[in-house]
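Open your viewer and keep the selection box handy. We'll hop from stop to stop, picking something and looking at what is there.

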Amino acid sequence: MTAAFQPTLFDSAVDRPCFRALPAATRAHGGPADPGAGARTPLADGAWVELHPNWLRGADELPDRLTRTVDWRAERRTMYDRVVNVPRLVRFYGEDEPLPHPLIAQGLSLLSARFGAELGEPFRTVGMCRYRDGSDSVAWHGDDIGRGRTEDTMVAILSLGAARTLLLRPRRRPEGAARSASLRFPLGHGDLIVMGGSCQRTWEHCIPKSTRVSGPRISVQFRPRGVR
Ligand SMILES: O=C(O)CCC(=O)C(=O)O
Ligand SMILES: [Fe+2]
């Protein structure tokens, strides 16, 4: 008997993209060093993070589709006295702007349904980054342009395509102390990470460059009004 690949009814059902229901928040025990999957991990200074692996399942064609259909923008930024290329492509969809795919719109409303009551408002904007390869990255920062600088908020990120690692570290560093190790969140295709509480102003996150990246990645960031 040959071991040829035979798609089954079950496979085709799995192939249809669908969002997994997000479990109600449960608190992880053991503190920040143990970010348990699906659980809310409290971090120092009123920040927290939730990781939901495989939130979006079966959307294998979505990264290519977005790559082709989104009008990606290359940005340039002044760093000290030089103008440099931002090492990723971006596209920001403001409130009420048509979103580039129905799954992105569905994700936005599912996040609002799940977190809106606690957040006190819906998610409204969608930012997207395209990391073409392991030399694309985003440097340490908090999403603190706007309300994230002064208020608690939430930023939810859906990761598509190649796996990349998101790092988180506290901004505060006791005088003279070495920086504590950053927390590592490996994000694969379909995974969701939600940063909440004071995370954008008391912690920083980044996607470091890596030589061990298997291809392009797109991140989809869902934010409430006035957070960027
Ligand atoms: O690509 C990611 O997962 C992070 C993107 C990010 O932090 C941002 O655009 O503010
Ligand atoms: Fe960010």
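## Stop one: the big picture

Start by selecting A47: across from it, in strand 12, stands G197. Before moving on, some housekeeping: numbering starts at 1 along each chain as its sequence is written, while chains are lettered from A and ligands numbered from 1 in the order in which they are written. What you have open is a predicted model, where local features need pLDDT of at least 70 and side-chain atom pairs count only at pLDDT 80 or more, but totals for chains, interfaces and linings use all residues.

Now colour by secondary structure. You'll get four helices and 14 strands; these are DSSP runs numbered from the N terminus, H or I of at least four residues for helices and E of at least two for strands. Among the 228 residues of the chain, 31% count as buried, that is, with 20 or more other C-beta atoms within 10 Å of their own, C-beta atoms being placed from the backbone (12 or fewer is exposed, in between is partly exposed). Contacts here mean C-beta atoms, placed from the backbone, within 7 Å. Of the contacts with a separation of 6 or more, 76% are between residues 24 or more positions apart.

## Stop two: the eight-stranded sheet

Select strands 2, 3, 12, 9, 14, 7, 6 and 5, and you have an open sheet in that order, paired antiparallel. Two strands pair if DSSP finds at least two bridges between them. At the edges, each pairing on one side only, are strand 2 (40-42) and strand 5 (73-79). Neighbours in this sheet are turned by 25° against each other on average, direction ignored; axes are lines fitted to C-alpha atoms, for helices over the stretch in contact, and angles run from 0 to 180 degrees between N-to-C directions.

Zoom in on residues 47-52 and 192-197: strands 3 and 12 run antiparallel there, joined by six bridges.

Next, add helix 2 (62-69). It packs on the sheet, touching strands 7, 9 (155-161) and 14, with its direction at about 100° to that of strand 9. Helix 3 packs on the sheet as well, touching strands 7, 9 and 14, and its direction makes about 40° with that of strand 14.

## Stop three: the core

Which residues touch the most other members of the largest nonpolar core? Pick V49, A156, I193 and V220, out of 41 residues in that core. Helix 3 (102-119) gives the most to it, with six residues. A nonpolar core is a set of buried Ala, Val, Leu, Ile, Met, Phe, Trp, Tyr and Cys residues joined through C-beta atoms within 7 Å.

## Stop four: the four-stranded sheet

Select strands 8, 13, 10 and 11, which form an open antiparallel sheet in that order. Its edges are strand 8 (138-141) and strand 11 (183-187). Strand 13 is the one to follow: two bridges join it to strand 8, with V138 opposite I207, and four join it to strand 10 (164-170). Show L168 with its bridge partner H205, then R169 with E204. W203, H205 and I207 make up the covered face of strand 13, while E204 and C206 are on the uncovered one.

## Last stop: ligand 1

Centre on ligand 1 and display G127, C129, V138, D143, I157, L166, H205, I207, S219 and Q221 around it. Strands 7 (125-131), 13 (203-207) and 14 (217-223) each give two or more residues to this shell.

Key:
A residue is near a molecule or strand if its C-beta atom, placed from the backbone, lies within 6 Å of it. Two residues are in contact if their C-beta atoms, placed from the backbone, lie within 7 Å.
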